[in-house]
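Visitor: Hi! I'm new to looking at protein structures. Could you walk me through this one?

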Amino acid sequence: NVRLFALLLMVLEWTCPGLSSPLRPICDLRVLDHFIKEAWDAEAALRACKDACSTATNFTVPLTRVDFDVWEAMNIEEQAQEVQSGIHVLNEAISSLQASNQTDVLQSHIDASISNIASIRQVLRSLSIPEYVPPTSGGEDKEMQKVSSISELFQVHINFLRGKVRLLLANAPVCHQGVS
């Protein structure tokens, strides 16, 4: 009887809309894998359309390389700031494409990417990861680089999600509470 009651409580916790849902599902990296797959699809579509999807603009994007010794030495707030800053810059770069006259297929990938970035921000927020705070100094950020094609922009997007965003989500403190 106790086991049945415990099972019933677990089911109610997951299915009743009036009850707060647990944070655990947000820690599932398959959510991020979905966003990575959509970024791959966008990049593949861009590679396929070549000249029709070109632009004469350079994009500022985050560096995707991770020095694991440096990353591990950073506290969660520093890691979060680096990820949030990178997401902010990627969002700015991808959003700048909305104003250009792109094909319907490309436009749908741009819109999906912007929506996915908003969803990633929601996931980070729900994990109590600090939001992006612009730097107070006006200097050039050393964690940024320039790329010259839309395809490169989406390659950086993929690599940033697969690298720094994945590391931050995998090590989010709320995902490890109660785990010994």
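Guide: Happy to! Keep in mind that this is a predicted model. Let's begin with helix 4, residues 76-96. Helix 4 has 21 residues and reaches 30 Å from its first C-alpha to its last, which is close to the 30 Å expected at 1.5 Å a residue.

Visitor: What goes on at the start of helix 4?

Guide: There, N75 has a side-chain oxygen that comes to within 3.0 Å of the backbone nitrogen of E77.

Visitor: Okay, and how do people describe two helices packed together?

Guide: They use the angle between the two axes and the distance between those axes.

Visitor: So what are the numbers for helix 4 and helix 6?

Guide: Helix 6 covers residues 150-170, and helix 4 packs with it at an angle of about 160 degrees, the axes being 10 Å apart. Angles over 145 degrees count as roughly antiparallel, and helix 4 and helix 6 are therefore roughly antiparallel to each other. Helix 4 passes helix 6 in a left-handed crossing.

Visitor: Which residues meet there?

Guide: From helix 4 you have I76, Q79, A80, E82, V83, G86, I87, L90, A93 and I94. They meet L153, F154, V156, H157, F160, K164, V165 and L168 of helix 6. Sorted by class, this contact has 13 nonpolar, 3 polar and 2 charged residues.

Visitor: I see gaps of three or four in those numbers. Why would residues three or four places apart point the same way?

Guide: An α-helix has 3.6 residues a turn, so residues three or four places apart point the same way.

Visitor: Neat. Switching topic: are helix 5 and helix 6 roughly parallel or antiparallel?

Guide: Their packing angle is about 10 degrees, with the axes 13 Å apart. That makes helix 5 roughly parallel to helix 6. Here S113, I117, I120, V123 and L124 of helix 5 meet F154, H157, L161, V165, L168 and L169 of helix 6. That contact divides into 9 nonpolar, 2 polar and no charged residues.

Visitor: And how do helix 2 and helix 5 cross?

Guide: Helix 2 (residues 30-49) and helix 5 (residues 104-126) have axes that come within 10 Å and cross at roughly 160 degrees. Helix 2 and helix 5 are therefore roughly antiparallel to each other, and helix 2 passes helix 5 in a left-handed crossing.

Visitor: Which residues make that contact?

Guide: Helix 2 brings V31, F35, E38, D41, A42, A45 and L46, while helix 5 brings L106, H109, A112, S113, N116, S119, I120 and V123. By class, that gives 9 nonpolar, 4 polar and 2 charged residues.

Methods
Residues are numbered from 1 along each chain as its sequence is written. This is a predicted model: local features need pLDDT of at least 70, side-chain atom pairs count only at pLDDT 80 or more; totals for chains, interfaces and linings use all residues. Side-chain values use heavy atoms; hydrogens and water are left out. Axes are lines fitted to C-alpha atoms, for helices over the stretch in contact, and angles run from 0 to 180 degrees between N-to-C directions. Helices (H or I, at least four residues) and strands (E, at least two) are DSSP runs, numbered from the N terminus. Angles under 35 degrees count as roughly parallel, over 145 as roughly antiparallel, 65 to 115 as roughly perpendicular and the rest as oblique. A crossing is left-handed if the near helix is turned anticlockwise from the far one by less than a right angle, and right-handed if clockwise. Contact means heavy atoms within 4.5 Å. Ala, Val, Leu, Ile, Met, Phe, Trp, Tyr, Cys and Pro count as nonpolar, Asp, Glu, Lys and Arg as charged, and the others, Gly among them, as polar. The expected span of a helix is 1.5 Å times one less than its number of residues. A polar contact is a pair of N or O atoms within 3.5 Å; within protein, one must be able to donate a hydrogen and the other to accept it, and residues adjacent in sequence count only if both atoms are side-chain atoms.
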